[in-house]
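Thanks for coming. I will take one structure today and walk through it. Please have a look at it before I start.

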Amino acid sequence: MSCWSASWSPTPFQHCRAPRDRLIFVRFQLSPDDTLRIEVHDADGEKPSPRCPSTTTETGRGLLLVRELATQWGCCPREGGIGKFVWCHISPERAVA
């Protein structure tokens, strides 16, 4: 879980193009089958896309990790029309891999 937190926590602060006074909201939800859903909400409407960072770059791998380790992930507009949220599902079997 620390790998997920370390890669996803700073991402909205670094890449969000919303005004600085807008909040970023993170939600964790554990389902009965132990699948963890993580949502990161922000006021930027632009959808993120995985990058191909160089081996010397220290950032830009968050969505690559999500794509490789999550069972599902996506991006949806927020209710009310302001911003988006990026979500992923992590299953215990996939998280160990």
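Let me begin with a question: is C76 buried, partly exposed or exposed? C76 is partly exposed, with a relative accessible area of 26%. For these words, buried means under 20% relative accessible area, exposed means over 50%, and partly exposed lies in between, with a 1.4 Å probe and protein chains only. The cysteine beside that one in the numbering, C75, is buried at 17%.

Before going on, some ground rules. This is a predicted model, in which local features need pLDDT of at least 70 and side-chain atom pairs count only at pLDDT 80 or more, while totals for chains, interfaces and linings use all residues. Residues are numbered from 1 along each chain as its sequence is written, and side-chain values use heavy atoms, with hydrogens and water left out.

On confidence, pLDDT is the predictor's confidence in each residue, from 0 to 100. The mean for the protein is 79, and 74% of its residues reach 70 or more. Helix α1 (residues 2-8) has the lowest confidence, at a mean of 55, and β3 has the highest, at 93.

Now the layout. There are 4 helices and 4 strands. Helices (H or I, at least four residues) and strands (E, at least two) are DSSP runs, numbered from the N terminus. Starting at the N terminus, the order is α-α-β-β-α-β-β-α. Of the 97 residues, 31% count as buried.

Next, how the strands pair. Two strands count as paired if DSSP finds at least two bridges between them. Strand β1 (residues 25-30) runs antiparallel to strand β2 (residues 36-42), and 6 bridges join them. One of the partners is easy to find: F25 is bridged to H41 in β2. β2 also pairs with β4, again antiparallel, over 7 bridges, and there V40 stands opposite V86. On β4 there is a further antiparallel pairing, with strand β3 (residues 72-77), over 6 bridges. In that pairing G74 has W87 as its bridge partner.

Two of these pairings are hairpins. β1 and β2 have 5 residues between them, and D34 sits in the turn. Its phi is near 70°, a positive value in a residue other than glycine. Most residues other than glycine have a negative phi. D34 is partly exposed, at 45% relative accessible area. In the other hairpin, that of β3 and β4, 6 residues lie between the strands, and G80 takes a positive phi near 95°.

Let me stay with β4, residues 84-90. How many of its residues are buried? The count is 7 of 7. K84, V86, C88 and I90 point one way from the strand, while F85, W87 and H89 point the other way. In a regular strand the side chains alternate between the two faces of the sheet.

Helix α3 (residues 62-69) has buried residues too: G62, L63 and V66. They cover an arc of only 90° around the axis, which puts them on the same side of α3. The arc is that of the directions from the helix axis to the C-beta atoms.

That brings us to the largest nonpolar core, which has 6 residues: L36, I38, V66, A70, C88 and I90. β2 and β4 are the elements that give two or more residues to this core. By a nonpolar core I mean a set of buried Ala, Val, Leu, Ile, Met, Phe, Trp, Tyr and Cys residues joined through side-chain atoms within 4.5 Å.

After β4, the chain enters a loop that leads to α4 (92-96), and S91 is in that loop. S91 counts as buried at 10% relative accessibility. Not counting residues up to four places away in sequence, S91 touches T35 and T71, where contact means heavy atoms within 4.5 Å. P92 is in helix α4 and counts as partly exposed, at 34%. Leaving aside neighbours within four places in sequence, P92 is in contact with D33 and D34, the latter being the positive-phi residue from the first hairpin.

Last, back to the cysteines. How many disulfides does the structure hold? It holds 0, a disulfide being a pair of cysteine sulfur atoms within 2.5 Å. For C75, the closest cysteine sulfur is that of C76, 6.6 Å away, which is too far for a bond.

That is all I have.
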